[in-house]
Amino acid sequence: MKVDENEVPEGLYYTKEHEWVKVESGSCRAGITDYAQKSLHEIVYVDLPNVGNTVTQNVSFGTVESVKAVSELYSPVSGEITERNEKLVDSPELVNQDPYGAGWIVVVKPSRLQDDLKTLMDAKAYADFLGEVIKKK
C-alpha cells in the first residue's frame, strides 16, 4: 500500500510516532517507517539500546540522527531487547535504503503483547493516519 510516495506494508503494526513492529514467533522486530526515514533525510547515526535493556511502549529507547535533525525512537511494544541491528553502527544509511528490511533497529521479547497491539494501528489505519499527517504539512 502507498500513501503519496510512502510505503505502508501490510502485516505490520504502526505507531503515531512512525515506528513499525512485526510480530515474529514470540518476538517483535521494530524500526521506523518509510515516512519517518524520508522526513529525516540522510541518516548518519542510530543510537541503539543495549541487549537486555527493558523498554516500555511509547517511551523513548534511543535516537536516530540525520544531517537534518535528531529524532527520538519510541518503542512500539513493552519488553526486553533481545537483539539490536549491529549493521547500523557502520551503515546507518540502511534505515534509509530499506526501512522495513535491512534497516530494522531492534528485536524485543514482548511482555504484554496482546495489550500493546490493541493500541497500535494496522496498515490501513496507519495509511489513513499518514494521509492526514501529509495533508496538514
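Let's start at R29, whose bridge partner in β11 is V107. The model we are walking through is a predicted one. The two strands that meet here are β5 (residues 27-32) and β11 (residues 106-110), which pair in the antiparallel sense over 3 bridges.

Step back from that pair and a wider arrangement comes into view. An open sheet of 6 strands runs in the order β3-β4-β5-β11-β10-β7, with antiparallel pairing. Its edges are held by β3 (13-14) and β7 (54-55), and each of these has a single partner strand, so one side of each is left without a neighbour in the sheet.

Now return to R29 and follow its side chain, which meets that of E24 in a salt bridge, 3.1 Å from N to O. Side chains of opposite charge can pair when their charged atoms come close. How exposed is E24? With a relative accessible area of 22%, E24 is partly exposed, because the buried class ends at 20%.

The R29–E24 pair has company, as the count of salt bridges comes to 8. Another one links D34 to K38, where the closest N and O atoms are 3.1 Å apart. Both residues belong to helix α1 (residues 34-40), and their spacing of 4 residues is about one turn of the helix. Are the two partners buried or exposed? D34 counts as buried, at 7% relative accessibility, whereas K38 is partly exposed at 34%.

Helix α5 (residues 123-136) offers a further example, with K124 and D128 lying 4 residues apart and so separated by about one helical turn. Their side chains meet in a salt bridge of 3.0 Å, N to O. D128 is partly exposed, its relative accessible area being 43%.

While you are looking at α5, find Y126, which is joined to H18 by a side-chain polar contact of 2.6 Å. Where does H18 sit? Its place is the loop between β3 and β4 (19-24). H18 is buried, with a relative accessible area of 12%. Leaving aside residues up to four places away in sequence, H18 touches I32, T33, Y35, A36, Y126, F129 and L130. For a sense of distance across the model, take H18 and K109: they are 91 residues apart in sequence, and their C-alpha atoms are 20 Å apart in space.

Our last stop is strand β8 (residues 60-66), where S66 is found. S66 is buried, with a relative accessible area of 10%. What does the side chain of S66 reach? It comes to 3.0 Å from the backbone nitrogen of K68. S66 also touches L40, E42, I43 and V44, again not counting residues up to four places away in sequence.

Move one step along the chain to V67, which lies in the loop between β8 and β9 (70-74). Here the setting changes: V67 is exposed, with a relative accessible area of 58%, while S66 is buried at 10%. Together with V44 and Y45, V67 forms a nonpolar patch on the surface, and the three have about 280 Å² of accessible area together. V44 thus appears in two places on our tour, as a residue touched by S66 and as a member of this patch.

Definitions and conventions:
Residues are numbered from 1 along each chain as its sequence is written. This is a predicted model: local features need pLDDT of at least 70, side-chain atom pairs count only at pLDDT 80 or more; totals for chains, interfaces and linings use all residues. Side-chain values use heavy atoms; hydrogens and water are left out. A salt bridge is a side-chain nitrogen of Lys or Arg within 4 Å of a carboxyl oxygen of Asp or Glu. Buried means under 20% relative accessible area, exposed over 50%, partly exposed in between (1.4 Å probe, protein chains only). A polar contact is a pair of N or O atoms within 3.5 Å; within protein, one must be able to donate a hydrogen and the other to accept it, and residues adjacent in sequence count only if both atoms are side-chain atoms. Contact means heavy atoms within 4.5 Å. Patches are made of residues with over 30% relative accessible area and no salt bridge: like charges are joined within 9 Å, nonpolar side chains (Val, Leu, Ile, Met, Phe, Trp, Tyr) within 5 Å. Accessible areas come from the Shrake-Rupley method with a 1.4 Å probe; for residues, only the protein chains shown count as cover. Two strands pair if DSSP finds at least two bridges between them.
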